[in-house]
Amino acid sequence: MPTILDEIITQKHREIETAKRTISEQALEARIENPRNELPELRDFTGQLRNAVGIGVIAEVKKASPSAGLIRADFHPQQIAQIYTQFGANCISVLTDEHFFQGNLAYLQQIREVVSTPLLRKDFIVDRYQLLEARVFGADAVLLIAECLPGDTLAMLYRQARQLGLHVLVELHDAHEVNRVVDTGAELIGVNNRDLRTFETRLEHTLTLAEQIPADRLLISESGIRTSADVMRLKAGGSRGILVGESLMRAADIGQALQQLIGPIRFPTNDAAGRADGDSGSGTGIS
Ligand SMILES: O=P(O)(O)OC[C@@H](O)[C@@H](O)c1c[nH]c2ccccc12
């Protein structure tokens, strides 16, 4: 039986074929190469995470997912991105998959207009065409998922993304993908706590794989992160960053939720929890 991941990939190939009929790969490339087109200036996605205080935070703009269904009905991407930025996110992940996550490529452009936080195009990238789209629509970084990119395709897309100046977060779930991911040379390595085939989510997954990730890479723990205790455990286990979507997007007050999640890690001194709860006026102070 095909898994949801198989379904997503099949659908993705269909969408890419359709998109290419509307704007060809050559036309997209020409837009990037034409010096008269002012392409968005690339922002230092990796640097933001490398230099983050306490732990790097990639906060995700995510309306829905195949595992959770609709996550947030009251969904305003620009406003969410502004709140994320104000309350200390170092980077923002923008889901652009329409069919399964109710995302949109245009959100990248819209969000770029209102914040200067570096942006990740979060999608199932299987073709160079999607890298060109990412660059044109204003992403600074892309996600590449090892499970979706067998054999040499992972390394090839990694190189192609880098040639376009894009930063790359390379994601794995299964332990047997570690070498292939490390061999790309990627500085940002994401361990997805969620198994994309079964949707099972376990934070221990990052902790188990952490020691296999070389120390000169930035380990980003992805998915299922809900509390500051989770974040502290992940940090103690070697994570340099976290990628968080659902728990923030479900909160009535997104800014407060982000502050509670990372406040105790960013301000480890006396009564950290109280400070994270109460001091709502210091949003920009924690970034
Ligand atoms: O919403 P969560 O559980 O906080 O997870 C965010 C992010 O890690 C998740 O959206 C994700 C990680 N890797 C992916 C690959 C495709 C789609 C989605 C993802």
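Which residue is the bridge partner of Gly56 in β10? In this predicted model, the partner of Gly56 is Gly241 of β10, and the bridge between these two glycines belongs to the pairing of strand β1, residues 56-61, with β10, which runs in the parallel sense over 4 bridges. Strands of a sheet pair through backbone hydrogen bonds, either parallel or antiparallel. The pairing of β1 with β10 forms part of a closed barrel of 8 strands, in which the order is β1-β4-β5-β6-β7-β8-β9-β10 and the pairing is parallel. On average, and with direction ignored, neighbouring strands of this sheet are turned by 25° against each other.

Strand β10 also takes part in the surroundings of the ligand. Around the ligand there are 14 residues, of which Glu222, Ser223, Leu243, Gly245 and Glu246 come nearest. Two or more residues of this shell are given by each of two elements, namely β10, spanning 241-244, and α11, spanning 246-249. By class, the shell around the ligand is made up of 5 charged, 5 polar and 4 nonpolar residues.

Helix α12 is described here through its packing against two other helices. With α10 (residues 228-236), helix α12 (residues 254-266) packs at an angle of about 45°, the two axes lying 8 Å apart. Since angles from 35 up to 65 degrees are neither roughly parallel nor roughly perpendicular, α10 is therefore oblique to α12. The crossing of these two helices, α10 and α12, is right-handed. On the side of α10 the contact is made by Ser228, Val231, Met232 and Lys235, while α12 contributes Gln260, Leu261, Ile262, Gly263, Pro264 and Ile265. The residues of this contact between α10 and α12 comprise 6 nonpolar, 3 polar and 1 charged.

The second partner considered is helix α4 (residues 77-86), which packs with α12 at an angle of about 35°, the axes being 9 Å apart. The crossing of α4 and α12 is likewise right-handed. Here Ile80, Ile83, Tyr84 and Gln86 of α4 meet Ile254, Gly255 and Leu258 of α12. In the contact of α4 with α12, 5 residues are nonpolar and 2 are polar, with no charged residue present, whereas the contact of α10 with α12 includes 1 charged residue.

Terms used. Residues are numbered from 1 along each chain as its sequence is written. This is a predicted model: local features need pLDDT of at least 70, side-chain atom pairs count only at pLDDT 80 or more; totals for chains, interfaces and linings use all residues. A residue is near a molecule or strand if its C-beta atom, placed from the backbone, lies within 6 Å of it. Ala, Val, Leu, Ile, Met, Phe, Trp, Tyr, Cys and Pro count as nonpolar, Asp, Glu, Lys and Arg as charged, and the others, Gly among them, as polar. Axes are lines fitted to C-alpha atoms, for helices over the stretch in contact, and angles run from 0 to 180 degrees between N-to-C directions. Angles under 35 degrees count as roughly parallel, over 145 as roughly antiparallel, 65 to 115 as roughly perpendicular and the rest as oblique. A crossing is left-handed if the near helix is turned anticlockwise from the far one by less than a right angle, and right-handed if clockwise. Two residues are in contact if their C-beta atoms, placed from the backbone, lie within 7 Å. Two strands pair if DSSP finds at least two bridges between them.
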